[in-house]
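Trainee: I would like to practise the reasoning behind structural labels. Could we go through some together?

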Amino acid sequence: MESETKKAVRIMAYQNMASYRVPSSLAIKESYPLPPYSSVIGMVHAACGFQSYVPMQVSIQGKCKSHVSELYTRYEFGQYTKYEAGRHQIQLKNGDDTLGMNRGVASIELLVDVYLILHIIPEDEAMISVIAEGMQHPKNYLSLGRHEDLIRIDAVDVCELAWTELEDSMVVPWDAYIPVEERNRLGFASPATIYKLHKNYTIDPNLQIRLWNSVRAQFVKGGAASEIEEESMVWVDLTPMPEYINQKEYNLTSPMPVFGA
């Protein structure tokens with residue numbers, strides 16, 4: 001039984017390598033298993049050239065083939081750290097002061113062969129066509145994660161989502177972030193990691209720092225272990241996948257569940 005519908009922009013994309021850094025990771029830059037909401041929202045805003053925040057919900061689903069660890073050059077310095085020979089490798093000039101900086105190596109976690117399905121659901125439905133056009137003809141080169149993590153957009157479609165009572169159980173086909181409230185409502189029994197993911201921010205007028213709004217979301221592994229029971233109410237993407245996409249590594253059939261946050 002369908003009771004409500006809305007439109008979304010569906011983006012199917014690929015990254016050869018990517019790292020979605022966990023903010024609390026320091027010695028080793030760990031990566032989230034999927035890009036956080038803030039990264040996806042930032043990419044959309046960059047593609048469309050938005051100068052202020054456009055309210056939207058985002059559903060993030062994906063998969064990757066493997067994880068690797070890579071070395072990168074790491075620089076450390078402080079605003080008031082004076083240069084000392086033998087302690088610092090690099091001298092920095094700050095007006096009349098000479099500051100010291102250390103250079104070394106550290107490790108970063110990279111995801112390999114990342115495939116993503118993103119649903120962008122703007123609060124104002126009039127923005128659907130603007131976002132679809134922006135993702136098809138971006139104003140800047142697109143990356144997701146680090147600046148060097150380029151993203152290949154394979155398909156952009158305006159799709160229809162329906163608030164649907166499932167007649168049969170439905171398997172979550174790919175790994176996905178599911179907001180905790182939605183997870184509890186759907187009754188997922190399998191244990192999984194819960195992340196506190198940044199979504200959007202405001203600027204503190206006094207301190208001029210970002211104040212993040214975050215979403216508590218469960219990372220659910222796709223497949224038979226993650227099944228939505230029959231008679232559950234869930235948003236479902238009813239728009240068929242492009243035929244040329246199914247010939248690649250997506251291997252998806254419609255309909256599929258959508259978990260916006």
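Mentor: Start with Glu148. Its relative accessible area is 53%. The cut-off for exposed is over 50%, so Glu148 counts as exposed. Bear in mind that this is a predicted model.

Trainee: What makes Glu148 and Arg146 a salt bridge?

Mentor: Their side chains meet at 3.4 Å, N to O. A salt bridge needs a side-chain nitrogen of Lys or Arg within 4 Å of a carboxyl oxygen of Asp or Glu. The pair fits, so the name applies.

Trainee: Why is Arg146 called partly exposed?

Mentor: Its relative accessible area is 22%. Buried means under 20% and exposed means over 50%. Arg146 falls in between, so partly exposed is the right label.

Trainee: How do you know that Asp175 forms a salt bridge with Lys221?

Mentor: The closest N and O atoms are 3.2 Å apart. That is within 4 Å, so the pair qualifies. Asp175 sits in strand 8, and Lys221 lies in the loop between strand 10 and strand 11. The two are 46 residues apart, so the pair links distant parts of the chain.

Trainee: Which of these two partners is buried, and which is exposed?

Mentor: Asp175 has 12% relative accessible area, so it is buried. Lys221 has 51%, so Lys221 is exposed.

Trainee: What makes Arg10 and Asp157 a salt bridge?

Mentor: Their side chains meet at 3.5 Å, N to O. That is within 4 Å, so the pair counts. Arg10 is in strand 1 and Asp157 in strand 6, so the pair ties together parts that are 147 residues apart in sequence. Arg10 is buried, at 0% relative accessible area. Asp157 is partly exposed, at 23%.

Trainee: How many salt bridges does a search of the whole structure find?

Mentor: It finds 10. Salt bridges that share partners join Arg10, Asp157 and Asp237 into one network.

Trainee: Now the surface. What makes Tyr201, Ile203 and Trp212 a patch?

Mentor: Patch members need over 30% relative accessible area and no salt bridge, and nonpolar side chains are joined within 5 Å. Take Trp212, in strand 10. Its relative accessibility is 32%, so Trp212 is over the 30% cut-off for a patch. Yet Trp212 still counts as partly exposed. Together the three have about 270 Å² of accessible area.

Trainee: How do you know that strand 9 and strand 10 pair?

Mentor: Two strands pair if there are at least two bridges between them. Here 9 bridges join them, so they pair. They run antiparallel. His198 stands opposite Ser214. The two strands form a hairpin with 6 residues between them.

Trainee: What is notable about phi of Gln208?

Mentor: Phi is near 55°, a positive value in a residue other than glycine. Gln208 is in the loop between strand 9 and strand 10. At 55% relative accessible area, Gln208 is exposed.

Trainee: Which residues of helix 2 are buried?

Mentor: They are Met127, Ile128, Ile131, Ala132, Gly134 and Met135. They cover an arc of only 165° around the axis, which puts them on the same side of helix 2.

Trainee: Which residues touch the most other members of the largest nonpolar core?

Mentor: They are Tyr37, Ile120, Ile131, Met135 and Tyr177, out of 40 residues in that core. Helix 1 gives the largest share, 7 residues.

Notes:
Residues numbered from 1 in each chain as written. Predicted model: local features only at pLDDT ≥ 70, side-chain atom pairs only at ≥ 80, totals over all residues. Heavy atoms only, no water. Patch = residues over 30% accessible without salt bridge, like charges linked within 9 Å, V, L, I, M, F, W, Y side chains within 5 Å. Areas by Shrake-Rupley, 256 points an atom, 1.4 Å probe, with all protein chains shown as cover. Helix = DSSP H or I, 4+ residues; strand = E, 2+ residues; numbered from the N terminus. Buried < 20%, exposed > 50% of the residue type's maximum accessible area, 1.4 Å probe, protein only. Core = buried A, V, L, I, M, F, W, Y, C linked by side-chain atoms within 4.5 Å. Arc of directions from axis to C-beta.
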